[in-house]
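Work through the exercises below with the sequence and the 3D structure open. Try each task before reading its solution.

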Amino acid sequence: MSSTKFILGCFEDPDQMMDGITKLQKNSIPIYDVYTPMPIHGIEAKLGVKESRLGYAAFCCGCIGATVIFSIVYYTLVHDWPMNIGGKPNFSIPNFVPFTFEWTILFTAFGMVATFFAATHLFPGRAPRVMDLRATDDRFVIAVDAKGNVPHDDITRLLEEAGAVEVKHNKRKYVSYDE
Amino acid sequence: MASHSESIIREPLITGKNITYAQITNEVLAPVENKPNMAWWIGFVLSVMGASVWLFSISWTFWYGIGEWGLNKTVGWAWDITGFVWWVGIGHAGTLISAVLLIFRQNWRNSINRSAEAMTIFAVICAATYIFGHMGRVWLAYWTLPLPNQFGSLWVNWNSALMMDVFAISTYFSVSLVFWYTGLLPDIASIRDRATGLRRRIYSIMSFGWTGSVKTWQRFETVSLILAGISTPLVLSVHTIVSFDFATSLEPGWHTTIFPPYFVAGAIFSGFAMVQTLLLIARKVLGLENYITMFHIESMNKIIVLTGSVVGVAYITEFFIAWYSGVEYEQYAFINRATGPYWWAYWSMMTCNVITPQLFWFKKIRINIPLSWVLSIIVNIGMWFERFVIIVTSLHRDYLPSSWVMFYPTWTDVGIFVGSIGFFFVMFLLFLRVLPSVAMAEVKLLLKTSSEQAKKKLIDEGHLDPTHVDDYVTSLEKYDSVDLTQYHKA
């Protein structure tokens, strides 16, 4: 039994990496994940990544923000302590607009970004689970889970055919930062 | 990637012959990973000297109170609010570049958005110091927040435009910060994976564990786009609200409906000028000429001439409406601006903001780096005068001639303003040392489609009608990196 956990195909060129994905898919080899130094457009359709629902999260957070601040302004200015300021009506909606608008945006931004971090497991100090250090620099890396996907030589050959500059047989899942 | 196609005769967004992804990382991270050069040290020492002037003047103000400023019973707002509006205005270009240009798919923003956003953050910090300073008793700043309190059931006055300011500026700052930092994550991860020891640990914490997997990138782009979508109206609202500070009053010269769009245009104008001032130096000192190209400089100059013209039209409209309204106080306010004791400030504003930017109609000036730099500084000066003219000339003579006075700044006023520029540059120079000043991931995205080498490859492969190759070659002549002999074979 081979001790290889993951097979990584490292490409120099994003087009060749896309070709590599096609080749693996044609041979019914499941891809674990792909790591790139920049966003690659069109790859999510190829890999079947579901469309993001962050827009809904943003909308909900915005609604909450608008409601919260409108309620605060209403409670303080109309209900709790109505002040006569220059004879203006207490419930003057035009004056509420700037506050409501600002907090809608504030809640949208913070709520959505927090959702994004939670959904993609990002938070300050999280140990980076990087498979190849150059994936954040200049390498486009396809990771294939080696277990159950044998023979490994076929995977290696397919990746090399697609133009991989290096194929790694890693015994560990992630690069260790402590070495 | 292959689905992207861009016209070959469009000017390239990245110049240089054999740029690779690794080279982009190396060049952008060079200032972060190496010791700073002499130019950086000179700038830093000068800025620290400026910042210490700021620290001293602001501490002096907090200790003795704002009586140390040149304010008097009539002119209750002067250099401080001038400085505040000036800095907030400068901040606006950063969000404009990162948000509006992203929505409109203007890829040339990719090389400059990072430093422009950083500029926004630092400019808004500088603006905030004026607000806190002007409060006098800064330790009570939290009274501006709607907190349950012990003074009876008193709440903040929601009808006040100054209260709207509190919400607008704090929202603007925090949303800009989130936008900026989220965009930084992939690039911080790049630094982390190249660093060792303590630096790796620090950048590891800062990178939030970014790996660059497909799903993260896809979500990241969604987040960027939605943030851009909400930041665009935000940036317009913020300067509109800042203009309400004046427009909702009954002061002649302030009480005008043109203020919101006019302030927004002025903000973009001054912000782009500051981006130009910073980047023309940064590209040279950091060796980023291939990423911040003449095309970027020219595009920003075009925005400066556009917004400068909008501001010019606004000045003339103000004058016209003052006359057309038939309100004598309003009419006097404007005649006083142009011919009264502060005429020099008014005409400095007109010269710097309306006349000199028009030179950018000439292409030769638009693509001239030293001239662009000088003109950008002139715009910065002019926009400071604009705020000074609006504030001081309107206040020093209003309805009651018996209270007409002049405003003279004290050394504390001058120290806080000059010092805040030093403080701003300290922050900006430190940013250049610890974080990538160009959004690497976004620039890498352009390499295969919009770079000079990608276009040359297309020509070599015969995708361009040979008769058009000459046009392309001519259009490239202004780039330093281009060796034209390489194109003639095509």
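**Exercise 1: A glycine in a helix**

Task: Find which residues B:Gly422 touches, not counting residues up to four places away in sequence.

Solution. Step 1: B:Gly422 touches B:Ser47, B:Gly50 and B:Ala51, once residues up to four places away in sequence are not counted; contact means heavy atoms within 4.5 Å. Step 2: Place the glycine; B:Gly422 is in helix 14 (residues 411-434) of chain B. Helices (H or I, at least four residues) and strands (E, at least two) are DSSP runs, numbered from the N terminus. Step 3: Compare sequence with space: B:Gly422 and B:Ser52 are 370 residues apart in sequence, and 8.1 Å apart in space from C-alpha to C-alpha. Step 4: B:Gly422 has a relative accessible area of 10%, so B:Gly422 is buried. Buried means under 20% relative accessible area, exposed over 50% and partly exposed in between, with a 1.4 Å probe and protein chains only.

Before going on, note the conventions. This is a predicted model, in which local features need pLDDT of at least 70 and side-chain atom pairs count only at pLDDT 80 or more, while totals for chains, interfaces and linings use all residues. Residues are numbered from 1 along each chain as its sequence is written, chains are lettered from A and ligands numbered from 1 in the order in which they are written, and side-chain values use heavy atoms, with hydrogens and water left out.

**Exercise 2: Strand 1 and its partners**

Task: State which way the residues of strand 1 of chain A point, and find the bridge partner of A:Ile7 in strand 3 of chain A.

Solution. Step 1: In a regular strand the side chains alternate between the two faces of the sheet. Step 2: A:Phe6, A:Leu8 and A:Cys10 point one way from strand 1 of chain A, and A:Ile7, A:Gly9 and A:Phe11 the other way. Step 3: Strand 1 (residues 6-11) of chain A has 6 of its 6 residues buried. Step 4: Strand 1 of chain A pairs with strand 3 (residues 140-145) of chain A in the antiparallel sense, over 6 bridges; two strands pair if DSSP finds at least two bridges between them. Step 5: A:Ile7 has A:Val144 as its bridge partner in strand 3 of chain A, and A:Phe6 has A:Asp145 there. Step 6: Strand 1 of chain A also runs antiparallel to strand 4 (residues 166-170) of chain A, joined by 5 bridges. In strand 4 of chain A, A:Phe6 is partnered by A:Asn170.

**Exercise 3: Strand 3**

Task: How many residues of strand 3 of chain A are buried, and which residue of strand 3 of chain A does A:Val34 stand opposite?

Solution. Step 1: In strand 3 of chain A, 5 of the 6 residues are buried. Step 2: Strand 2 (residues 33-35) of chain A runs antiparallel to strand 3 of chain A, with 3 bridges between them. Step 3: A:Val34 stands opposite A:Ile142.

**Exercise 4: The nonpolar cores**

Task: Which residues touch the most other members of the largest nonpolar core?

Solution. Step 1: A nonpolar core is a set of buried Ala, Val, Leu, Ile, Met, Phe, Trp, Tyr and Cys residues joined through side-chain atoms within 4.5 Å. Step 2: The largest has 183 residues, and A:Met17, A:Ile142 and B:Trp87 touch the most other members. Step 3: Domain 1 (6-37 + 139-170) and domain 2 (54-120) of chain A each give at least three residues to this core; the domain bounds come from an automatic or database domain assignment. Step 4: Another core, of 8 residues, lies apart from it and includes A:Phe6, A:Tyr35, A:Ala135 and A:Val141. Step 5: The C-alpha centres of domain 1 and domain 2 of chain A lie 49 Å apart.

**Exercise 5: Positive phi**

Task: Where does B:Phe208 lie, and is B:Phe208 buried or exposed?

Solution. Step 1: Most residues other than glycine have a negative phi, and most peptide bonds are trans. Step 2: B:Phe208 is not a glycine, yet has a positive phi of about 60°. Step 3: B:Phe208 lies in the loop between helix 6 (197-206) and helix 7 of chain B. Step 4: B:Phe208 counts as buried because its relative accessibility is 11%.
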